[in-house]
Amino acid sequence: MLIKNGLIHDAIHETPYQADILVKDGKISAIGQNVTAENEEIIDASGLNIYPGFVDAHSHLGLDSDGVGYEGWDYNEMNDPISPQMRGIDGFKPMQPCMRTAALGGVTTVCTGPGSANVLGGTFCAVKTVGKRVEDMLVKEAIAMKCAFGENPKRCYRDKGVSTRMTTAAKLRETLFKAREYLEKKEAAGDDVSKKPAFDMKLEALIPVLKREIPLKAHAHAAEDIFTALRIAKEFNVKITLEHVTEGHLIADELAKENVPCAVGPSLTNASKFELRNKTFDTPGILSRAGLQVSIITDAPVIPQEYLPLCAGLAIKHGMDPFAALQAITINPAKHAGIEDRVGSIEAGKDADLVLCAGSPFDTDPDIQAVYILGKKVE
């Protein structure tokens, strides 16, 4: 496929430019002026804007109910506040109608996984928004380990041993201590099976976190919870990303010192609980201007997945730089999830995930003409 004459917003260069895009085997093969190819389908994109497929760093798409009630609800394990062994991939339902809606809205990759009921909830995966089988949709199976602070674990497990923020922090620390000891014993045993600790699936699941292969994905709205998350990450020398960051604008100077990736949202909702009382669309712009890597998120189904670019538009309305807002739904969430080698920008060698629209994706009516995922048009 050869897409000619479109105005490319590649999420790398601030100024858009007109060029041709050659797609081969699902990848962007070349970008340039007057690109030629033999036996390729030619698509004339004159008058159209071309964007990278949009990426959501924090969603529950495919694990939520999609309007069919509890039977389809698979993103919170409600029997145990400590469940790091859960894997988002195992609850993902590729053929829900919301997947196609998201894809047609230009959202081509989502990072989806367990919710925030649990102190430790399990691993997130990154998937494309088209397909019938999750294995064929994967960009990366395990991108982060979900953990949660604040009101949710207290509310969901008040009758099962978690009633304060102190308990949440203590349970997370205790589990990380046990996992670290478990790893040390495994490594000390070497190939001697008789000396290895008894298999523990919960602790096994935390080894990639302790080895800094994946980060803790820390649900934290309030300033005090954000600081607790950072404090524990430092104690155990693990990577961390901050999720929601509702009060981030109140502590932007402190977050700038930490230089931790921030996924901000969902902001297109009411303040449904106390820790959301300071929620505002000002937050992404303030954090971006402070020098932080900011992603804008929907937390779908809290906000329907296809409204991700609209949320970026509302951030622009509240003062965020338009290019920063574009990066907040493309390359920044790709970096947030550790998948920037494949998605998040229009560059040679990356997946051919492209959004062609007559208008701006930040408008209420972006007039999307076509969406391509791995070079195939979403129908």
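These are my notebook entries on a pocket, the nonpolar cores and a pair of strands.

**Entry 1, the model.** I note before anything else that I am working from a predicted model.

**Entry 2, the largest pocket.** I looked up the volume of the largest pocket and found about 400 Å³ of space in it. I then listed its lining, which comes to 26 residues, and those nearest the centre of the pocket are S116, N152, K273, D299 and V302. Sorting the lining by residue class, I obtained 13 polar, 8 nonpolar and 5 charged residues. I also asked which element gives the most to this lining, and the answer is helix 3, residues 151-156, with 3 residues.

**Entry 3, the nonpolar cores.** I turned next to the largest nonpolar core, which has 80 residues, and I wrote down L242, L255, L287 and I296 as those with the most contacts inside it. Following L255 further, and leaving aside residues up to four places away in sequence, I found that L255 touches I226, L230, L242, V245, G248, V260, L287 and L292. Apart from the largest core lies another one, of 17 residues, and I noted M1, I8, I21 and L356 among them. As background I add that nonpolar side chains tend to be buried together in soluble globular proteins.

**Entry 4, strands 6 and 7.** I checked burial along strand 6, residues 54-59, and because 6 of its 6 residues are buried, I describe this strand as largely enclosed by the rest of the structure. Looking for its pairing, I found that strand 6 runs in the parallel sense with strand 7, residues 107-112, over 4 bridges. For V55 I looked up the bridge partner in strand 7, and it is T109.

How values were computed. Residues numbered from 1 in each chain as written. Predicted model: local features only at pLDDT ≥ 70, side-chain atom pairs only at ≥ 80, totals over all residues. Heavy atoms only, no water. 1 Å grid on protein atoms, 1.4 Å probe; cavity = no way out; pocket = protein on both sides within 12 Å on 5 of 7 lines; lining within 4 Å. Points joined across faces, edges and corners; volume = space filled by probe spheres on them. Helix = DSSP H or I, 4+ residues; strand = E, 2+ residues; numbered from the N terminus. Nonpolar A, V, L, I, M, F, W, Y, C, P; charged D, E, K, R; others polar. Core = buried A, V, L, I, M, F, W, Y, C linked by side-chain atoms within 4.5 Å. Buried < 20%, exposed > 50% of the residue type's maximum accessible area, 1.4 Å probe, protein only. Contact = heavy atoms within 4.5 Å. Pairing = 2+ DSSP bridges.
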